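Hi everyone, thanks for coming. Let's have a look at this structure together and talk about its cavities and one helix packing.

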Amino acid sequence: MRRQRPTLIAVSTLIAVTLTTAATPANAHNAAPPDQVTALTAHQADGYTTLAWQPVDGATDYQIERTPVDADNTPTGTPTIVGIWRPNRQINQQAPTFADAGYNPGDTFQWRVRARTGTTEQPYSEPVTATTTAPWGNPTTPGEHLRTGWETTHAAQYTSDTDEYAYTAAIDALSDRVRVVELGRTVQNRPINMLVIGHPTPAATPQAVAATAPVAINCNVHGNEPGDREACLIMARQLAFSTDPRITDLLSHTTVLIVPTINGDGRANNTRGNSTGQDLNRDYSLIRQPETTAYITMVRDYRPVAGYDGHEFGNSRAGDLPMLPPRHQNVAQPIFDQSQDMIEGHMYAKGAEAGWWACPYGCEGGGNVGLSEETILRNTLGLKNVTNSLLELRSSGGQTRPDEGNTANNRRRKTYSALWTFHQFLDYHRADRADILKARSEAIETQAANTGRLVFRGSRPIPAHPAPHPGDSPPPLDAPPADLILDTPPCAYKLTDAQYNGARTDGPGGIGTTVAQRIAAHGWKVITIGDEHYVPLNQPERGLIPLLLDGKGVEKLTDGERVYPTLTGRRNGPLTVTGFTCADDATINGPVTVRAGAALVTTATTISGPLTATSAAGILLADSTINGPVRIATTDTISIIDATIAGPVDLSGNTTGTDAPVLAGTTIRGPLNCTANSATPTNLGIANTVHGPRTSQCAAL
């Protein structure tokens, strides 16, 4: 059951609103006319103003009017209805708010609000006047003075690719908190850059960054949806140079990874897809394109624990900020629950305070959106045990923002609403870091146990915007058909060498990377015995592996052969493993020896005796118990997850190359020694419990 949690973290002074007081109206001490809005306030934040007022009994909706004024509060333009507040905008009906963002930041305005009963307009409130918040950063302070092309043109133009590179390079040069790294290149050879941001400096290597439980924001996968990208560039400046205690606290407890433009070719050409026409948000599992390969490789190396993925949505009836968690049914329940908590428990509540209309993607006539395709980043990340959400910015002003026929005003609302969302994302991670890490650990251990059915397409249900809004529509449910369900999961998939290393033609220009290269980019363990390659399912991304390697896969890479357990039940006496042996729900009463070139894969298995492997092809143990010492030496592939070992453990001289041995969430009732392994073992951020000294490469595990 999804937990109901209070929202505890306050918005900081950087993005928090500041009460704007207006002159006391002349009739303030007189009784207000019937049905007149009262107690109107205007609070200023980055790029928007939160208007709040006392609700009027029986009001159907409210109209928000804005008028530009000069320093003497004399109107300099025409009063304009810029907003319509309707009950389905927020979860708290007794405290109506509206975030007005369609203006040039730094200008001064007067606002009034009036209720409507049906189509009958009630009297306007008394006006409030305020000067809005100028773009962040002192123009005379180095670093803070930087501005994007979008800001300098007052939203008339989006930031170009060359301006982006210059802007991010300047941030890198002027701030010790920032390091810009190139993840890869687009098809047309544009760099795919990522800002790595931490305080006082970011960790030096991907492995060190991973240890900080980083968060990742993917800002622009569809080239013609650049609003989130502009928000990311502004936020990068704020994170790089702000002295706000909230910012320095956030960056002292995590690392923020910002990829402004994964689809540089599409952005330069203002096209949805990349230069080959590929919709990159339908390629994060298949990784046929260099752009998606770069991002997925980043996820493998930097291991973000939470993420947001920015888009725009062409539905004028939808909310300001439609959001959606990973819905694929193979996503572990803790990750789905944590993602929903981030959206419903935090974003909906904070949106109601700030005046933004957050809702499920597809709310109000969204159509066939937000389904379970594993190729979509939010689903891919969920299957990779990342708490995350899609963010859609409504691309037009819609019925609730009638003044956004003005292009610049429309762009400002989109960008500043995204900026608000991304800052709230950071606040959520700061407040709920422990819960996020717990959900991730539970998900990894659950996946590695390889239990339960596999679904090849099928989504979890998403409720409509919370009550009292029964008229809003949730995203549709794509329930899995019977032929896309595998009730009994295999132990592994076996690929021939032709399948694994053979040439592919599904990439740009008819040239694709091999299945081996793509599996490596995903970071999956592979056991090679002769010319056969086994991909076991008792590893963290168990829910994604079959979608690419099983014959039932809807968008698969190849038809791998299912390999089922060869050892179950009770076995008495010593066991010598040759070839590929898979044990599931087995009890082995005796010592186990894995011969050179052989492999052992276990789940829910107990071995009463020592386990020894020398020059083995692979050892993958999950949810298993070994009542004796474990010694693994000069072995190619190693993963031990959620195991209990009643004895010493020694991992020495293992030849895994860059594929680090995994030892995660395991209890060892004895010493742990790791020496001369070709890659230092990792715990995937899940600490082990060791009742004895930890030495050499495993000292920190």
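Let's start with the second largest cavity: by class, its lining has two nonpolar, one polar and five charged residues. Here Ala, Val, Leu, Ile, Met, Phe, Trp, Tyr, Cys and Pro count as nonpolar, Asp, Glu, Lys and Arg as charged, and the others, Gly among them, as polar. Lining that cavity are Arg66, Val82, Asp100, Ala101, Gly102, Arg401, Asp403 and Glu404. A cavity is a set of points on a 1 Å grid over the protein atoms alone where a 1.4 Å probe fits but cannot get out, and lining residues have an atom within 4 Å of a point.

Before going on: this is a predicted model, where local features need pLDDT of at least 70, side-chain atom pairs count only at pLDDT 80 or more, and totals for chains, interfaces and linings use all residues. Residues are numbered from 1 along each chain as its sequence is written, and side-chain values use heavy atoms, leaving out hydrogens and water.

Now the largest cavity. Which residues are the closest to its centre? They are Asp46, Ala134, Pro135, Trp136 and Tyr416, out of 13 that line the largest cavity. That lining divides into seven nonpolar, three polar and three charged residues. Helix 4 (227-241) gives the largest share, three residues; helices are DSSP runs of H or I, at least four residues, numbered from the N terminus.

Finally, helix 5 (residues 245-253) and helix 10 (residues 407-448) pack at about 60°, with axes 10 Å apart. Axes are lines fitted to C-alpha atoms over the stretch in contact, and angles run from 0 to 180 degrees between N-to-C directions. Contact means heavy atoms within 4.5 Å.

Methods:
Helix = DSSP H or I, 4+ residues; strand = E, 2+ residues; numbered from the N terminus. 1 Å grid on protein atoms, 1.4 Å probe; cavity = no way out; pocket = protein on both sides within 12 Å on 5 of 7 lines; lining within 4 Å.
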